[in-house]
Amino acid sequence: MSKNNLRIIPLGGLGEVGKNMMVYEYGNNILIVDAGMMFPDNDMLGIDYIIPDFEYLKENKDKIRGIVVTHGHMDHVGALGHVLEEINVPLYATPLTKGLIEVNLSEKGLLNKTTINTVHAGESVHIGPFEVEFFHVCHSIPDSVGLGITCPDGLVVHTGDYKFDPTPVDGWPTDFAKLAEFSGRGVLALLADSTNADKPGWTPSELVINDSLDKVFRTAPGRIIVASFSSLVSRMQQVIDTAERYHRKVAFVGYSMKQNSKMAKKLGYLDIPSDIEVDIDEALNMKPKDVVLMATGSQGEPYSIMGRLARGTNRRFELIKDDTIVLSSHAIPGNEETVFKTINSLFRRGANVVYEPLAGGVHVSGHANQDEMKLMLNMVQPKFLIPIHGELRHLKQHAVLAEESGFEKDNILVIENGQVIEFENGEMKVKDRIPGSYVFVDGSRVGEIGPSVVREREQLSQDGVVLISLVLDRQGNLHEEPEIISRGFVYKHDGDDIIDETRQKVIEIVEKTQGDLHNETVQSIRSFLYSKTKKRPVVLAALTWV
Ligand SMILES: [Zn+2]
Ligand SMILES: [Zn+2]
């Protein structure tokens, strides 16, 4: 009988920022850590979000023992709904994370089908052959945990997202003692957050936000609208505290904001004095100077409240004179363009927009900077280091930092999604590679949209569309002149009228073609237009017989 070995397979979050998902496998047992989503690049038109390709898990359904979730951010929980539709296994999460997952799953109607076990930092559970120890870490959301995962091959420490904030909003620092204890036991491998691997020093404490918010509240002449993620519970608390000091009322706007604040309040993670919160209708009837609205859309998402305000299409309320908008989050890498476009539109509509880096800290990162990353490594003292969470440049930089602090170069492994690694007799081996790409989600359609559709939409936006309408008689001859309609396609080229030339070309094609006229027209005109203009518009043909 062959001996079982621990295998680690990243399905998401390695080589990108977002959609984190890690698989731990021992014998016939799989433990999943996190299942997140990612915002699409700007050039992936019409795609709502992206989730990991978890085909491997579908194929190995019987082996899966559970899913452990480190915290409630969407890049760690956003794909859970899709995964649970295919794989029904128990979840393990801390109370606030559980609450956030429940809000999310109830929107998808999956809540009743799922078992979510509550765990607390400091506890441990047995899941198959794995013993999972949960330890508290500071992050930009309360109740975040890192994991100590023990199986017969040894102890692996999985940090999740973390920083070593000495003055966190909830007063609960990262569990140094546990990290030291792990190190005492001997750690086989450390899988650690690399998001800020190119940022020197320490990440500022969440506390600095209080000062920045204070300044905004002190000087804002009218209404204040704070845009953030609906899962940033500590940011909600800071806004509430500041509002209280400046005698303003707070209204949460939008489904996820309202649900999450209600849930966090119920679970005791959000302290809202009874006279501070008002509903949106009440808020809109009050003097602007007495009001703070808290909404989503800090990433400029087109259908968020912030996106709609920027376009002037929000139904409930519009921007008014003297509005101050605070964008309290970083633009997610790759998302900057959308965010800046939204900011420009908000300014254009007369709002004052406070955003990074101008405001000097209306947002601080929830992730460890370089010195904290070194500290983590030095405290845990693992045999092997596998950088996780980040684009390849972040993972590489994490490796460089480790080397600089004296870590054995050969014991660092920089890998991307889908790369299987296996531990054998205390050694780490790179194995085969499984698919580790992504699945597009567009509205409610999952995975039906392949890269080709995305490419087509990209073409549409860049090179436009050319529609050829043919009316033919029963003999297959043209009944009238072909009609050529173009949208977004530049057709004046070197003084030639490309549309006229295209029409001539179409007439030739109809005369010549014996077989599939539709296909022949589309193919030939596509290459004709490319040869003439070096553009690739989407070519469509409509054939009518009379
Ligand atoms: Zn996070
Ligand atoms: Zn994250």
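Two strands are taken to pair if DSSP finds at least two bridges between them. In this predicted model, strand 11 and strand 12 meet that criterion, pairing in the parallel sense over three bridges. Within this pairing, Val-156 has Ala-189 of strand 12 as its bridge partner. The connection from strand 11 to strand 12 passes through helix 5, and the resulting β-α-β crossover is right-handed.

On strand 18 (residues 382-388), strand 12 has a further parallel neighbour, joined to it by six bridges. Ala-189 recurs in this second pairing, where Phe-384 of strand 18 stands opposite it. Strand 12, spanning residues 187-193, is mostly covered, with seven of its seven residues buried.

The loop between strand 11 (154-158) and helix 5 (176-185) contributes Asp-161 to a metal site. The zinc ion (ligand 2) takes its protein donors from Asp-75 (OD), His-76 (NE2) and Asp-161 (OD), at 2.0 to 2.2 Å. Along the chain, these donors are spaced as D-H-x84-D. Asp-75 belongs to helix 2 (residues 74-77) and is 86 residues apart from Asp-161, so that the pair links distant parts of the chain. Asp-161 additionally bridges the zinc ion (ligand 2) and the zinc ion (ligand 1), and the two ions lie 3.3 Å apart.

The two aspartate donors fall into separate accessibility classes. Asp-161 counts as buried because its relative accessibility is 2%, under the 20% cut-off. Asp-75, by contrast, has a relative accessibility of 21% and therefore counts as partly exposed.

Terms used. Residues are numbered from 1 along each chain as its sequence is written. Chains are lettered from A and ligands numbered from 1 in the order in which they are written. This is a predicted model: local features need pLDDT of at least 70, side-chain atom pairs count only at pLDDT 80 or more; totals for chains, interfaces and linings use all residues. Side-chain values use heavy atoms; hydrogens and water are left out. Donors are N, O and S atoms within 2.8 Å of the metal (3.2 Å for Na, K and Ca); water is not among the atoms, so sites may look incomplete. Helices (H or I, at least four residues) and strands (E, at least two) are DSSP runs, numbered from the N terminus. Buried means under 20% relative accessible area, exposed over 50%, partly exposed in between (1.4 Å probe, protein chains only). A crossover is right-handed if, with the strands pointing away from the viewer, the path from the first strand over the helix to the second runs clockwise.
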